[in-house]
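Colleague: Could you take me through one internal part of this model closely, with the elements and residues that surround it? I would also like a word on the cysteines afterwards.

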Amino acid sequence: METPQATPSLDIAVANDFQIESVALIDRAIQIRWNDGIDSTYHYIWLRDNCPSAFHPQTGERSFDLLSISKDIHPLCVSFDETTLTIEWSEQAHISHFEQSWLREFGYSSTLAKDHSSPYESWDGTFIDHIPMYDQQSIMTSDSALYEWMSALDKYGLTIIDNMPNDSDAGVQTAMRVDYLRQTNFGMTFDVISEKSPINLAYTSLSLPLHTDLPNQELPPGYQFLHFLSNESIGGESTFVDGLKVLEGLREEQPEYFRLLAEYAIPFRFHDTAHDIREHHPVINLDNFGNIVEIKYNAHLADVFDLPSDVMYDYYLAYRELMARLKDSRYKIELKLAAGQMVVFDNRRVLHGRNAFDENVGERRLKGCYVDRSEFKSRLRTLKKQLA
């Protein structure tokens, strides 16, 4: 096959920040040189799979069948003008037209490859003086205020919302500004009060160790909303630790312990008369790029460990090390939230607990609900586009 010659335009469109300067065909790919000197590679099969015609014009879903072409598909001709790269393919008599701006945005090689580092910012106990606080009415009435609050919550994993109405539904209404709620075996919402016959330690007046809610679920809840309707008891201070900060230290100082907690899953279980919900999870979850994205830790829901015998003892050493670090006062925030405040946190990042309280003095009552991470992230993305 004769190598196609690029036909660059003499004019550069002012609307585009970057433009194609030249193209070359290399092994199974097109190499593009941009006018800022960057070279980027786009494989033929990737280009054909992402042709604009491969997506439904209304839904945006992929409608192209990748198996309808061979693995050896290649261009017969490649050309470009000031805005568009055009490819005539060797199969199906198909021609693709790619906007240069799209190719630049979705470049996956060289310096165009996306930065996959974590957007999260970890914190220790000094964060108590810097916890982001927002007004509930502003969040309810302004999309820009909603976006500002959600961005802070995404970054730090912990925020406080002030001036909540004296209404048990106010927390739910605020959470639904994000998206729909997550239902669990505790219901769509739950009241956190001391009960005579509790099914969970949260429904007692005892101290509640730092934990992740519901790691016994296949997918533990994402963001937790806890609206304080009253908090007049003696004691009952809320406690928080950024699991991300703790795990960063563990990874740096005890990498083998970190590896064990990330690679091996342990069992979690909740059971009462109506439910017996069990699931295995690693305590530490990483994303595909090695970033710490989750901690699933709940010592009172951990079931009987069933690890391989050659791992069991070392795993216990790693588990104990994590427990000790989570109790280190350097990481801990302790504060007494008041009626009319709501704390919102990432349940799979920030561990929460509370001090014991005297149930005979005053009342301590919270209303809680969850919104999952996928819905939260979706709302954050759409708000960003809307407000751009």
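Modeller: Strand 17 gives the most to the lining of the second largest cavity, supplying four residues, and I will build the description around that strand, keeping in mind that the model is predicted. A search of the whole structure finds two cavities of 30 Å³ or more, and the second largest of them has a volume of about 40 Å³. Strand 17 spans 292–295, and helix 6, which spans 243–253, likewise supplies at least two residues of this lining. From the stretch covered by the strand come Ile292, Val293, Glu294 and Ile295, while Gly243, Leu244 and Leu247 line the cavity from the stretch covered by the helix. The lining also includes Tyr120, Arg348 and Arg349. By character, the lining residues divide into six nonpolar, one polar and three charged; the charged ones are Glu294, Arg348 and Arg349, and the polar one is Gly243, since Gly is counted among the polar residues.

As for the cysteines, the structure holds zero disulfides. For Cys77 the reason is distance: the closest cysteine sulfur, in Cys51, lies 15 Å from the sulfur of Cys77, which is too far for a bond, because a disulfide requires the two sulfur atoms to be within 2.5 Å. Cys77 has 34% relative accessibility and therefore counts as partly exposed, whereas Cys369, at 2% relative accessibility, counts as buried, the cut-off for buried being under 20%.

Note on methods
Residues are numbered from 1 along each chain as its sequence is written. This is a predicted model: local features need pLDDT of at least 70, side-chain atom pairs count only at pLDDT 80 or more; totals for chains, interfaces and linings use all residues. Side-chain values use heavy atoms; hydrogens and water are left out. On a 1 Å grid over the protein atoms alone, a cavity is a set of points where a 1.4 Å probe fits but cannot get out, and a pocket is an open set with protein on both sides within 12 Å along at least five of seven lines; lining residues have an atom within 4 Å of a point. Grid points are joined across faces, edges and corners, and a volume is the space filled by probe spheres set on the points. Buried means under 20% relative accessible area, exposed over 50%, partly exposed in between (1.4 Å probe, protein chains only).
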